[in-house]
Amino acid sequence: MIYPFVRHGLDILFVGLNPANTSSKKGHYFSTNPAFWNQLYDSGLITTQVNMNVADEQVFGSSRINANHWEYGVTDLVNGLAESNSAVVKPTVRNCVDLMQTIIKYEPKVVVLLHGKVIKHFVNAYMGKTSVKRGNLGKLVDGCDTVLFNVPFPHGNSIPSKDKIEIYKQVKETLESWNSTMYK
């Protein structure tokens, strides 16, 4: 089983659908395929290439290799279910409520939604947004300054990695802009 890396003071909270079987067995997020970690590196969100089998501890458990020593965290819309076939995963309203409460409680600067089902269930169904583009979705959570981003899942789809990297670059620019306005 894998446990979320969620805490106060996060610059980015990444939200997947659920842990894959392999990741759950290994006890580490995104340890099935290195695409996610490579995209973070290629976008400049992390400064060092990482071994996918322990990368979550380096990136989510510490800020040492994160750009600007930003704090990153990770959770899933459906926690506690290890399943590699996303067609089997059925998010509930309770899952959406829990994610909303997590965002409101911890107020990360940015939330990156990483799966089409997360967008479908959390943004479309739960939040009532009917059309969602890729990239910056803006501040969708009432009373919260968190900016949401829609980034397609790192692998297993037809969307080129370079497109995902470009969105991660937008995330980085958003945080740099946020920080520059905070210190004026």
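Two residues are said to be in contact when heavy atoms of each lie within 4.5 Å, and in this predicted model that notion is enough to describe how helix α5 is enclosed. The buried residues of α5, which spans residues 116–126, are K117, V118, I119, F122 and V123. The cover over these buried residues includes the strands β1 (12–16), β3 (110–113), β4 (135–138) and β5 (147–150), together with the helix α4 (93–106). An α-helix has 3.6 residues a turn, so residues three or four places apart point the same way. Just after α5 comes G128, whose phi is positive, at about 75°.

With that helix as a starting point, the reader can step back to the whole chain. Its secondary structure comes to six helices and five strands, and from the N terminus on these elements run β-α-α-α-β-α-β-α-β-β-α. The chain is as compact as a globular protein of its length, because its radius of gyration of 15 Å is close to the 16 Å that the globule rule gives for 184 residues. The C-alpha trace spans about 50 × 40 × 30 Å along its principal axes, and buried residues make up 48% of the 184 residues in the chain. Of the contacts with a separation of 6 or more, 64% are accounted for by residues 24 or more positions apart. The accessible surface of the chain comes to about 8,800 Å², and 50% of that surface belongs to carbon and sulfur atoms.

The five strands form an open sheet, in which the order is β2-β1-β3-β5-β4 and the pairing is mixed. The strands β2 and β4 are the edges of this sheet, since each pairs on one side only. Neighbouring strands are turned against each other by 25° on average, when direction is ignored. Helix α5 packs on this sheet, where it touches β1, β3, β4 and β5, and the direction of α5 makes about 125° with that of β3.

Strand β3 deserves a closer look. On one side, β3 pairs with β1 in the parallel sense over four bridges, and there F14 has V112 of β3 as its bridge partner. Four bridges also join β3 to β5, and these two strands run parallel; along this pairing V110 has V147 of β5 as its bridge partner, while V112 stands opposite F149 in β5. Both faces of β3 are covered, with V110 and V112 buried on one side and V111 and L113 buried on the other.

From the strands, the path leads to the nonpolar interior. In soluble globular proteins, nonpolar side chains tend to be buried together. The largest nonpolar core of this model has 29 residues, and F14, W37, Y72 and V112 are those that touch the most other members. The elements that give two or more residues to this core are β1, α2 (35–43), α3, β2, β3, β5 and α6 (161–182), and α6 gives the most, with four residues. A second, separate core of 23 residues includes L13, V15, I103 and L140. As for Y72, when residues up to four places away in sequence are not counted, it touches R7, L10, I12, F14, L45, I46, V59, F60, N66 and A67.

A few single residues complete the picture. D11 is found in the segment before β1, and D11 counts as buried because its relative accessibility is 6%, where the limit for buried is under 20%. Leaving aside neighbours within four places in sequence, D11 is in contact with W70, E71, P108, K109, V110 and L175, and V110 is itself among the buried residues of β3.

The loop between α3 (55–59) and β2 (72–76) holds N68, whose phi is near 55°, a positive value in a residue other than glycine. H69 is placed in the loop between α3 and β2 as well, and H69 also has a positive phi of about 55° although it is not a glycine. Is H69 buried or exposed? H69 counts as exposed because its relative accessibility is 52%, where exposed means over 50%.

How values were computed. Residues are numbered from 1 along each chain as its sequence is written. This is a predicted model: local features need pLDDT of at least 70, side-chain atom pairs count only at pLDDT 80 or more; totals for chains, interfaces and linings use all residues. Side-chain values use heavy atoms; hydrogens and water are left out. Buried means under 20% relative accessible area, exposed over 50%, partly exposed in between (1.4 Å probe, protein chains only). A nonpolar core is a set of buried Ala, Val, Leu, Ile, Met, Phe, Trp, Tyr and Cys residues joined through side-chain atoms within 4.5 Å. Two strands pair if DSSP finds at least two bridges between them. The radius of gyration is taken over C-alpha atoms; the globule rule is 2.2 Å times the number of residues to the power 0.38. Accessible areas come from the Shrake-Rupley method with a 1.4 Å probe; for residues, only the protein chains shown count as cover. Axes are lines fitted to C-alpha atoms, for helices over the stretch in contact, and angles run from 0 to 180 degrees between N-to-C directions.
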